[in-house]
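Biologist: I would like to go through this model and ask, label by label, how each one is justified. Please show it first.

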Amino acid sequence: MSSPFLSQKAVHYTRALARWIKAGRPIRSEAEINHLLEMYCNSCEMYDAQNGIYQHCGCHVNRSTNVSLNKLAMKTEVCPLKKW
């Protein structure tokens, strides 16, 4: 499956950012991020581990605690496939 177009990725990220800001900007810890990656993302058929991108929405999913670089860092975000 190919990644969504840039415009779709921008919409997904903008919505995620709005939810995160509205909730008070809660951030997952490094341990929480690593747990989600290891338990769910790395074995998911939709996750491109080499590029750190989730193919369903095009979001970056990696070990970073920076919300600009990693959807997992936003504590308000959930897996679109409901795995986490």
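Biologist: What makes up the secondary structure of the protein?

Modeller: This is a predicted model. The protein has 2 helices and 2 strands, and along the sequence they follow the pattern α-α-β-β. Helix α1 covers residues 6-22, helix α2 covers 30-41, and β2 covers 53-54.

Biologist: How do you know whether the radius of gyration agrees with that of a compact globule?

Modeller: For 84 residues, the rule for a compact globule gives a value near 12 Å, and the protein has 12 Å, so the two agree. The C-alpha trace spans about 35 × 30 × 20 Å along its principal axes.

Biologist: What share of the contacts with a separation of 6 or more joins residues 24 or more positions apart?

Modeller: That share is 60%.

Biologist: Why is C41 called buried?

Modeller: Buried means under 20% relative accessible area. C41 has 6%, so it is buried. C44 has 7% and therefore counts as buried too. Buried residues make up 35% of the 84 residues.

Biologist: How many disulfides does a search of the whole structure find?

Modeller: The search finds 0 disulfides. C41 is in none, and its nearest cysteine sulfur, that of C79, is 6.8 Å away.

Biologist: Why is there no bond between the sulfur of C44 and the closest cysteine sulfur?

Modeller: A disulfide is a covalent bond between the sulfur atoms of two cysteines. To count, the pair of sulfur atoms must be within 2.5 Å. The closest cysteine sulfur to that of C44 is in C79, at 6.1 Å, which is too far for a bond.

Biologist: Is G58 buried or exposed, and how do you know?

Modeller: G58 has 4% relative accessibility, so it counts as buried. This glycine lies in the segment after β2. The C-alpha atoms of G58 and Q8 are 50 residues apart along the chain and 8.3 Å apart in space.

Biologist: What makes L17 partly exposed?

Modeller: Partly exposed is the range between the buried limit of 20% and the exposed limit of 50%. L17 has 24%, so it falls in that range. L17 is in helix α1, and its C-alpha atom is 19 Å from that of Q55, 38 residues away along the chain.

Biologist: Why is A23 given the label it has, at 49% relative accessibility?

Modeller: Exposed means over 50%. A23 has 49%, so it counts as partly exposed. A23 is in the loop between α1 and α2. From A23 to I53 the C-alpha distance is 24 Å, with their positions 30 residues apart in sequence.

Biologist: Where is K82, and why is K82 called exposed?

Modeller: K82 is in the segment after β2. Its relative accessible area is 73%, and the limit is 50%, so K82 is exposed. K82 is not a glycine, but it has a positive phi of about 60°. R25, also not a glycine, has a positive phi of about 65° and is in the loop between α1 and α2.

Biologist: What is known of the exposed surface and of the charged side chains?

Modeller: The protein exposes about 5,300 Å², of which carbon and sulfur atoms supply 57%. There are 11 positive and 6 negative side chains, and the centres of the two sets lie 10 Å apart.

Notes: Residues numbered from 1 in each chain as written. Predicted model: local features only at pLDDT ≥ 70, side-chain atom pairs only at ≥ 80, totals over all residues. Heavy atoms only, no water. Helix = DSSP H or I, 4+ residues; strand = E, 2+ residues; numbered from the N terminus. Rg over C-alpha atoms; globule rule 2.2 N^0.38 Å. Buried < 20%, exposed > 50% of the residue type's maximum accessible area, 1.4 Å probe, protein only. Contact = heavy atoms within 4.5 Å. Areas by Shrake-Rupley, 256 points an atom, 1.4 Å probe, with all protein chains shown as cover. Lys, Arg positive; Asp, Glu negative; His and termini not counted. Charge placed at Lys NZ, Arg CZ, Asp CG, Glu CD.
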